[in-house]
Amino acid sequence: METAIYKVDSEHIDKSAIVACAKIIKNGGLVAFPTETVYGLGADATDKTAAKKIYSAKGRPSDNPLIIHVARPEDAERYAYTCELYYKLAEAFMPGPLTVILKKKDIVPAEVTGGLDSVAVRCPSHAVARELIAATDVAIAAPSANISGSPSPTCAEHVIGDMSGRIDAVIDGGVCDIGLESTIVKIDGDKVTMLRPGGITADALGCVCEHVEIAAAVTEALKADERPLSPGMKYRHYAPSAQLVLLDGEDSDVTEFFANAQKNENAAIICYSEELPSLSSEKVIDIGARDDLATQAQRLFSALRESDGFGADIIYAHLPRQEGLGLALYNRLIRAAAHTVKKI
Ligand code: TXA
Ligand code: MG
């Protein structure tokens, strides 16, 4: 299959590209498109045959459900049973990087939800995503547009590298703003449980909902016999082919460790901007300034892909603090490292 590439400027959206891609989706095809979090691999959320194509293009296990993307929060009504708390969350955070798990309606096939009776709903804020969903006039089911197990794509080049020849089209809308996937929450009565941290932090959720819980699997490894709240929690994610090791210690000690590793090992380093002057410039990636978590989030998946390309035996990075957006960085890095942390 030849994959068509449409370059679209999100400030001046080329409507003809959107119409062409909406047509592909309506005809049961697959289109990768930019969102504010990461690129999604989209198909008609009411078409089970199209949903199956997503799983085979990604090599994704069929019990790992997809998020459906709607143009407006109230469009969720067509696909799911909403509640007051859904609309409170929607008013505060949608459109934006929040996904809410709701009980599904029959229109959503079991192939989309991995057989669950719930469905994950998200209303993205990216202008291209919104135009595409509106033009398609149906919810778009979309996981991240990467091969299963590799880091989520934050630019069209990542998508093309993973998916070229496997899908009908890619809309190239540049680099994603946030760079980490959406925050996923589950509603239980008046309580919200965070299943995956992302751009909407636990503190932000706490401003809307009194009872916010963070699922243990966000920070800890699942036990062998544990049934996860979200099927995606049980899969190893974002795994570079070299072992990633996270360093837990004082910043100055970590910088010294990095410098020694460069001398003594075939190591790649993911460091803060402030550390660059203390390190050799070989196999080094600047993730952003120490306190600039937004930049670190935006660059993380690119950094993992890039560091993997160095042919190093080992990759070292800082262990993030589990606060604010740091919790999302921690969650992605700890899984990419298969929970390998070195105390120094
Ligand atoms: O930012 C995002 O959320 C991106 C963009 C494209 O929207 N999408 C994304 O999709 O990250 P994906 O498929 O890579 O991750 C979706 C996660 C999986 O871990 C899945 O298990 C969980 O959402 N999920 C989906 N439906 C669920 C459900 N009904 N109950 C529990 N977890 C669910
Ligand atoms: Mg994914």
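Hi everyone. Before we start, one term: two residues are in contact when heavy atoms of theirs lie within 4.5 Å. Keep that in mind, and remember too that what you see above is a predicted model.

Let's begin with helix H9, residues 326–336. How many of its residues are buried? The count is 11 of the 11, so H9 is largely enclosed by the rest of the structure. The run of buried residues starts with Gly326, Leu327 and Ala328 and includes Tyr330, Asn331 and Arg332. Notice that arginines are in there as well, with Arg335 also on the buried list.

What do these buried residues pack against? Their partners are the strands E11, E12, E13, E16 and E17, together with helix H8. Just past the end of H9, look for Ala338, which has a positive phi of about 50 degrees.

Now let's follow one of those partners, strand E11, which covers residues 191–196. Of its 6 residues, 5 are buried. On one side, E11 pairs with E10 in an antiparallel fashion, through 5 bridges. Ile184 sits opposite Arg196 of E11. The two strands make a hairpin with 2 residues between them, and Gly189 in the turn has a positive phi of about 60 degrees. E11 also pairs with E12, this time running parallel, with 4 bridges. There, Thr193 has Glu213 in E12 as its bridge partner.

Next, the nonpolar cores. In soluble globular proteins, nonpolar side chains tend to be buried together. Here the largest nonpolar core has 57 residues, and Leu41, Ile68 and Leu98 are among those with the most contacts inside it. If we set aside neighbours within four places in sequence, Leu98 touches residues including Leu89, Phe93, Val121, Ile200 and Leu205. Apart from that core lies another one of 28 residues, with Leu180, Leu319, Leu333 and Ala337 among its members. Leu333 should sound familiar, as one of the buried residues of H9.

Last stop: the second largest pocket, with about 430 Å³ of space. Which residues lie nearest its centre? They are Tyr272, His318, Leu319, Pro320 and Arg321, out of 21 that line the pocket. So we meet Leu319 again, next to the pocket centre and in the 28-residue core. H9 comes back too: along with E13, H8 and E16, this helix supplies at least two residues of the lining. And what is that lining made of? It divides into 11 nonpolar, 4 polar and 6 charged residues.

That's my tour, thanks for listening!

Conventions
Residues are numbered from 1 along each chain as its sequence is written. Chains are lettered from A and ligands numbered from 1 in the order in which they are written. This is a predicted model: local features need pLDDT of at least 70, side-chain atom pairs count only at pLDDT 80 or more; totals for chains, interfaces and linings use all residues. Side-chain values use heavy atoms; hydrogens and water are left out. On a 1 Å grid over the protein atoms alone, a cavity is a set of points where a 1.4 Å probe fits but cannot get out, and a pocket is an open set with protein on both sides within 12 Å along at least five of seven lines; lining residues have an atom within 4 Å of a point. Grid points are joined across faces, edges and corners, and a volume is the space filled by probe spheres set on the points. Ala, Val, Leu, Ile, Met, Phe, Trp, Tyr, Cys and Pro count as nonpolar, Asp, Glu, Lys and Arg as charged, and the others, Gly among them, as polar. Buried means under 20% relative accessible area, exposed over 50%, partly exposed in between (1.4 Å probe, protein chains only). A nonpolar core is a set of buried Ala, Val, Leu, Ile, Met, Phe, Trp, Tyr and Cys residues joined through side-chain atoms within 4.5 Å. Two strands pair if DSSP finds at least two bridges between them.
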